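Biologist: Could you show me the structure and walk me through a few of its features?

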Amino acid sequence: MKREVDLNEISDGKLYGINDMVKADCKDCRGCSDCCQGMGQSVTLDPLDCYRLCENLSCTMEALLQDKLELNVVDGIVLPNLKMAGEAERCSFLNHRGRCSIHSFRPGICRLFPLGRVYGEQEMKYFLQLHECRMEERTKVKVKKWLDTSDVKQYEAFVLKWYHYLKNLEKRIKTENDPSFANQVSMYVLKNFYLVPYEMEQDFYSQFERRLEASTFL
């Protein structure tokens, strides 16, 4: 989900690379789960997020959509997001102690927080959101370590390709200005990048590349 904001208003005014140190480490949150509640539809999931959930929970996307995830329109395209449940609007994956039950395979946006991303054509940069996390005594940590993702370069390349793919689809939807076309695009994306199962024994990135190259809407 794109945010049209002035970075100087929400950040420390700096952009960070994966090898830079940033004051983001909140020391295991110390029992806080504020960022896992009341997030509405903002925690949008990419295909890798859903691949990890299906792999580690040994389930299908259809099963996750029954109670843990939901579908909503993001910049004109229907995509899955984490579902907030109950009166407190808690993430469906929070346990009774307010701790993340999927922490080792949590989605990319959760790994990123309280950082945000700025997308370029060939690379991305990170910024520190100053007002999103209530933990005040944060310490510095290398961005690469904070993301807690194996092969960060390959991961960043995937995120950029997915971002630009969705951005190009958004442009086409606006150009066509036809609700039936927008619906067709959404159904294609959901089916081909989320609902059609990935082979868990095979590398995710190579499977994603094949699906991207075969996309009807590129």
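Modeller: Happy to; here are some questions and answers about this predicted model.

Biologist: Which helix has the lowest mean pLDDT among the elements of the protein chain?

Modeller: Let's begin with the whole chain, where the mean pLDDT is 91 and 96% of residues reach 70 or more. Where pLDDT is low, the predicted coordinates should not be read in detail. Among the elements, helix H2 (residues 47-57) has the highest mean, 98, while the lowest, 74, belongs to helix H1 (residues 7-10).

Biologist: Is Thr 149 buried or exposed?

Modeller: Thr 149 sits in the loop between helix H5 (143-147) and helix H6 (152-176). Leaving aside neighbours within four places in sequence, Thr 149 is in contact with Arg 52, Arg 111 and Tyr 155. Its relative accessible area is 9%, and the cut-off for buried is under 20%, so Thr 149 is buried.

Biologist: Which residue's backbone oxygen does the side chain of Thr 149 reach?

Modeller: Look back along the chain from Thr 149 towards H5, the helix before its loop. The side chain of Thr 149 comes to 3.0 Å from a backbone oxygen, and that oxygen belongs to Leu 147.

Biologist: How are H6 and H8 oriented to each other, roughly parallel or roughly antiparallel?

Modeller: Residues of H6, including Tyr 155, Phe 158 and Trp 162, meet residues of H8, among them Phe 204, Tyr 205 and Phe 208. The two axes are 11 Å apart, at an angle of about 25 degrees, and the crossing is left-handed. Angles under 35 degrees count as roughly parallel, so H6 and H8 are roughly parallel.

Terms used:
Residues are numbered from 1 along each chain as its sequence is written. This is a predicted model: local features need pLDDT of at least 70, side-chain atom pairs count only at pLDDT 80 or more; totals for chains, interfaces and linings use all residues. Side-chain values use heavy atoms; hydrogens and water are left out. pLDDT is the predictor's confidence in each residue, from 0 to 100. Helices (H or I, at least four residues) and strands (E, at least two) are DSSP runs, numbered from the N terminus. Buried means under 20% relative accessible area, exposed over 50%, partly exposed in between (1.4 Å probe, protein chains only). A polar contact is a pair of N or O atoms within 3.5 Å; within protein, one must be able to donate a hydrogen and the other to accept it, and residues adjacent in sequence count only if both atoms are side-chain atoms. Contact means heavy atoms within 4.5 Å. Axes are lines fitted to C-alpha atoms, for helices over the stretch in contact, and angles run from 0 to 180 degrees between N-to-C directions. Angles under 35 degrees count as roughly parallel, over 145 as roughly antiparallel, 65 to 115 as roughly perpendicular and the rest as oblique. A crossing is left-handed if the near helix is turned anticlockwise from the far one by less than a right angle, and right-handed if clockwise.
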